[in-house]
Amino acid sequence: MAERDDPRISRPSSTRGGSAATDHAVRRRLGSPPADGAADVSTAPTDTAMDLGAMGAPTSREGNRWAVRRRGAGRRGAAGGTGATGRTGSSVRSDSSGRTEAKPATRPGRSSSGAFPDASAHRRYWYVMGGLVVLALAFGFGLLAIGNPMPPGSRGFWLIAELRATSILVMVIAAFCQATATIAFQTVTNNRILTPSIMGFESLYTVIQTGSIYFLGVAGVVALQGTGQFLAQVAIMVVLSVLLYGWLLRGRYANMQVMLLIGIIIGGGLGSVSSFMQRLLTPSEFDVLTARLFGSVTNAEVEYLPYAIPLCLMAGVLIWLNARTLNVIALGRDVCINIGVDHGRQTIYTLVLVSVLMAVSTALIGPMTFFGFLVATLTYQLAGTHDHRRLLPVGVLVGFVVLAGAYFVMNHVFYAQGVVSIIIELVGGTVFLIVIMRKGRL
């Protein structure tokens, strides 16, 4: 009605049939968008456009823009109750003349594409790294100094500390191997509830130890202790795993699920063979075997370290250098093929390096089935990133903190030195069950 009663708007005389044309002309001069949504071109005289601007209504040249802003402001006000949008919207304000003006809202600082979603996640990562380093140093110093019967600074103190330093070095190697191997294995299998243990490494180690005692007796096993036995175990584990991967991942029917199922079957079969031989051992032989089948840093000998350290460093560094490819593999096989990454070749390459790490760790300290799974799960929760260049260092630190912390607590709080591996397996198995039952929320 205001449009019809405004004396400043000139209307051409028309009959009843021409009223529609008259209304259309008025709407065009007031700047309203046409009914069909087409772009509007101003045909009003200059003086009429100036009069409409003085009334507070936009001219037809900016009518579409004004209407879009008003509609957008109405929708945002109905959704959020304010004139400002959310994080990526814009705020609308009107001046005294009735004109509306869109003003971009302030966006929170976000990083570009990278390892972290925003700056706060990046800072949190470095806080976590700092906290893990402090805990690792504290537990390491506690294992070296606390409980040392000799006076600090004396020659006897340093001799005992040197003996304990060997155990700490073995913990570092075990944490490095288990964390790196488990994270890489879960990436290539695209499953966070699997560990390299599913491929039968622990079962193969158990068969080797049980068979040596069954066929050679305790005296024969003691005679065979040394570097040769350690290297032989590592070589057997790596060769069998390479043959398994090459057969199941490079054949005509290459399938990761088939490989995992065959690994489970092989592990179960080897476990049955070990159980059969263990039932035929004498009680004294069974006691010796049981002590060797528990994962413990005391199983490692100093003479193993010159061979274990280079193997671990070689495999770990190669996996870390291949971290960008692991980031792509984590996206799936189809994505790898689309961007030109040889998924099968990279999978076999990574699994061979994982085999080296798991073989060294198992032959050095014995089987620890759920330790790697526990470390990998904690790493994903603490790191807050998908980038393997950041995940792997956090995983190594978490592994050492868990292992050294468990030994420190059991040795100096509960005074139970022989049950560390049992506690770690119990906690790791509990976490495994929690992840299974709450899958999708962790």
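**Close-up 1. Where α6 meets α14.** Val 170, Ile 173, Ala 174, Phe 176, Cys 177, Gln 178, Thr 180, Ala 181, Ala 184, Phe 185 and Val 188 of α6 touch Thr 347, Thr 350, Leu 351, Val 354, Leu 357, Met 358, Val 360, Ser 361, Leu 364 and Ile 365 of α14; contact means heavy atoms within 4.5 Å. Sorted by class, this contact has 16 nonpolar, five polar and no charged residues (Ala, Val, Leu, Ile, Met, Phe, Trp, Tyr, Cys and Pro count as nonpolar, Asp, Glu, Lys and Arg as charged, and the others, Gly among them, as polar). The model is predicted, so local features need pLDDT of at least 70 and side-chain atom pairs pLDDT 80 or more, while totals for chains, interfaces and linings use all residues. Residues are numbered from 1 along each chain as its sequence is written, and side-chain values use heavy atoms, leaving out hydrogens and water. The two axes sit 9 Å apart at an angle of about 150 degrees (axes are lines fitted to C-alpha atoms, for helices over the stretch in contact, with angles from 0 to 180 degrees between N-to-C directions). The pair is therefore roughly antiparallel (under 35 degrees is roughly parallel, over 145 roughly antiparallel, 65 to 115 roughly perpendicular, the rest oblique). The crossing is left-handed, meaning the near helix is turned anticlockwise from the far one by less than a right angle, with clockwise being right-handed.

**Close-up 2. α6 from end to end.** Helix α6 covers residues 155-189 (helices are DSSP runs of H or I, at least four residues, and strands runs of E, at least two, numbered from the N terminus). Its 35 residues should span 51 Å at 1.5 Å a residue, and the end C-alpha atoms are indeed 51 Å apart; the expected span is 1.5 Å times one less than the number of residues. Just after α6 comes Asn 190, with a positive phi near 55 degrees.

**Close-up 3. α8 against α14.** Helix α8 (residues 227-249) and helix α14 (residues 343-365) have axes that come within 9 Å and cross at roughly 155 degrees. That makes α8 roughly antiparallel to α14, and this crossing is right-handed. On the α8 side the contact includes Phe 230, Met 237 and Tyr 245, and on the α14 side Ile 348, Leu 351 and Ala 359 are among the partners. The tally here is 15 nonpolar, five polar and no charged.

**Close-up 4. α11 against α14.** These axes come within 9 Å and cross at roughly 150 degrees, which makes α11 roughly antiparallel to α14. The crossing is left-handed. From α11, Leu 311, Cys 312 and Gly 316 are among the residues meeting a set in α14 that includes Tyr 349, Leu 353 and Val 356. Eleven nonpolar residues, one polar and no charged make up this contact.

**Close-up 5. How far to trust the model.** The protein chain averages a pLDDT of 76, with 71% of the residues at 70 or above; pLDDT is the predictor's confidence in each residue, from 0 to 100. Helix α11 (residues 305-321) has the highest mean of the elements, 93, and helix α3 (residues 46-54) the lowest, 43. Over residues 35-63 pLDDT stays under 50, and the model has 33 contacts beyond four places in sequence for them.
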